[in-house]
Amino acid sequence: MWWKLFLKLFGEGTSSSVLAEDSKGLIHFNRSLNMYLVESKGGAIACMILALLSLGTWPAILTLLERRGRLPQHTYLDYSITNLLAAIIIAFTFGQIGSTKPDSPNFITQLAQDNWPSVMFAMAGGIVLSLGNLATQYAWALVGLSVTEVITSSITVVIGSTLNYFLDDKINKAEILFPGVACFLIAVFLGSAVHRSNASDNKAKLRHFEMTNQEASGPSTEIETKVTKRTSEKPKEGTARFLIELENKRAIKVFGKRKIIGLGITFFAGLCFSLFSPAFNLATNDQWHRLKQGVPKLVVYTAFFYFFVSCFIIALILNIGFLYHPVLGLPKSSFKAYLSDWNGRYWAFLAGLLCGFGNGLQFMGGQAAGYAAADSVQALPLVSTFWGVVLFGEYNRSSRKTYLLLFSMLFMFISAVAVLMASSGHRK
């Protein structure tokens, strides 16, 4: 089983308390509770790094499918199925290891307990995460993968990490944490500036292309959206022809859309993302003392299951609604059309698994080192930007101003991630 391999890699043993790489104290799993929980700072950071890679990759997959013309409603429904599947796998493996105990019940036992206050917090977190993920589908097209991820992640850290810091009883080092939060806040403004600058660059390219066409074939009242092939050569990334051909292929049309719409959707998504981690924190640690006397707190794996159940339900309701009442000029579809659309379905399934396991690793690390420090996985734009530049040719042939803003934005992110990880504490 995959989880047995994971345990072996992270230090499974036979004593009541298992320690891998003992001399360095890197990974510590507590087996005295009959359940494998990440407890050390090193183990938490390892989880965060794995989560960072997973959470930075799945947006690129969904962006690729949209650019190939697949409706985002179809993609998100597929993604949601495997997203829930990841939570179920985690719950029935890590959440079921060992026999149950009164103070630390396993997953099945907790399902029957009177822990609904904590369950509601977990489900509330799933709802806002689903709304945020759904919104980013449209923001990726309108604003771009890199900038969308930077702005949403920065807002998540600025608001979410501040809330988690106080919920975690200030176990993170404030003198380190908040300078890191400030770096993320600066990155928000730099991200907005990158988007505006890059949008201006694209407009200039299209305007020049139109003027060239007018000189060659007479006046034209609008930008041609279908380019006559003058050559068999594939258009170079970043050129006007590349942008126009991309517009013809993609599901969400971006020409003529106002910048403020994309930025508005992006900021809404960031606000949603900033609330899901504090809600999950409340679900697993009961800082507001909503559970009845003697009722154990939700184990992270149980909370994760409820979290993604609500995430799936909201995604199902909203995306089925968007099939028949689409937004942003998308064509109508139907549930029957969705079921028969297998173009890119397996890629969407993969994206759901990556996101599900990535969030699981984030929460496992947060339970050990503090959820404020675990928000360092919001550095996923570093991974997303790599995919955006390499896979989609974002910012190719942009202006020097755009490049300067882009590098400044990424520098602030690298600084913020390093500082945020350095603020990691240890939950007692």
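A nonpolar core is a set of buried Ala, Val, Leu, Ile, Met, Phe, Trp, Tyr and Cys residues joined through side-chain atoms within 4.5 Å. Buried means under 20% relative accessible area, exposed over 50% and partly exposed in between, with a 1.4 Å probe and protein chains only.

This is a predicted model, in which local features need pLDDT of at least 70 and side-chain atom pairs count only at pLDDT 80 or more, while totals for chains, interfaces and linings use all residues. Residues are numbered from 1 along each chain as its sequence is written, and side-chain values use heavy atoms, with hydrogens and water left out.

**Exercise 1. Find where confidence in the model is lowest and highest.**

Step 1. Start with the chain as a whole. The pLDDT (the predictor's confidence in each residue, from 0 to 100) has a mean of 77 over the protein chain, and 75% of the residues reach 70 or more.

Step 2. Go on to the elements. Helices (H or I, at least four residues) and strands (E, at least two) are DSSP runs, numbered from the N terminus. Strand E1 (residues 17-20) has the lowest confidence, with a mean of 38, and helix H11 (residues 335-340) the highest, at 95.

Step 3. Check the weak stretches. Residues 1-34 have pLDDT below 50, and this stretch makes 71 contacts (heavy atoms within 4.5 Å) beyond near neighbours in sequence. Residues 226-231 also fall below 50, with six such contacts.

**Exercise 2. Describe the largest nonpolar core and the helix that gives it the largest share.**

Step 1. The largest nonpolar core has 90 residues; among those with the most contacts inside it are Trp 58, Leu 129 and Phe 308. Helix H5 supplies its largest share, 14 residues.

Step 2. Helix H5 covers residues 116-143 and reaches 39 Å from first to last C-alpha, close to the expected 40 Å. The expected span is 1.5 Å times one less than the number of residues.

Step 3. H5 bends by about 30° at Gln 137, where the bend is the angle between axes fitted to the seven residues ending there and the seven starting there. Just after H5, Gly 144 takes a positive phi of about 105°.

Step 4. Of the 28 residues of H5, 22 are buried, so the helix is largely enclosed by the rest of the structure.

Step 5. Take Phe 308 as a core residue. Beyond four places in sequence, Phe 308 touches residues including Leu 84, Leu 129 and Gly 356.

**Exercise 3. Work out the surroundings of Asn 319.**

Step 1. Asn 319 lies in helix H10 (residues 300-324) and is buried, at 0% relative accessible area.

Step 2. A polar atom of the Asn 319 side chain is 2.9 Å from the backbone oxygen of Ala 315.

Step 3. Outside the four nearest places in sequence, Asn 319 contacts Pro 72, Gln 73, Tyr 76, Leu 77, Leu 134 and Gln 137. Gln 137 is also the residue at which H5 bends.

**Exercise 4. Decide whether Asp 286 is buried or exposed, and do likewise for His 289.**

Step 1. Asp 286 sits in the loop between helix H9 (259-285) and H10, and His 289 is in the loop between H9 and H10 too.

Step 2. Asp 286 has a positive phi of about 50° although it is not a glycine. The phi of His 289 is likewise positive, near 55°.

Step 3. Asp 286 is buried, because its relative accessible area is 10%. His 289 is exposed, because its relative accessible area is 66%.

Methods:
Polar contact = N/O pair within 3.5 Å; in protein donor to acceptor, adjacent residues only side chain to side chain.
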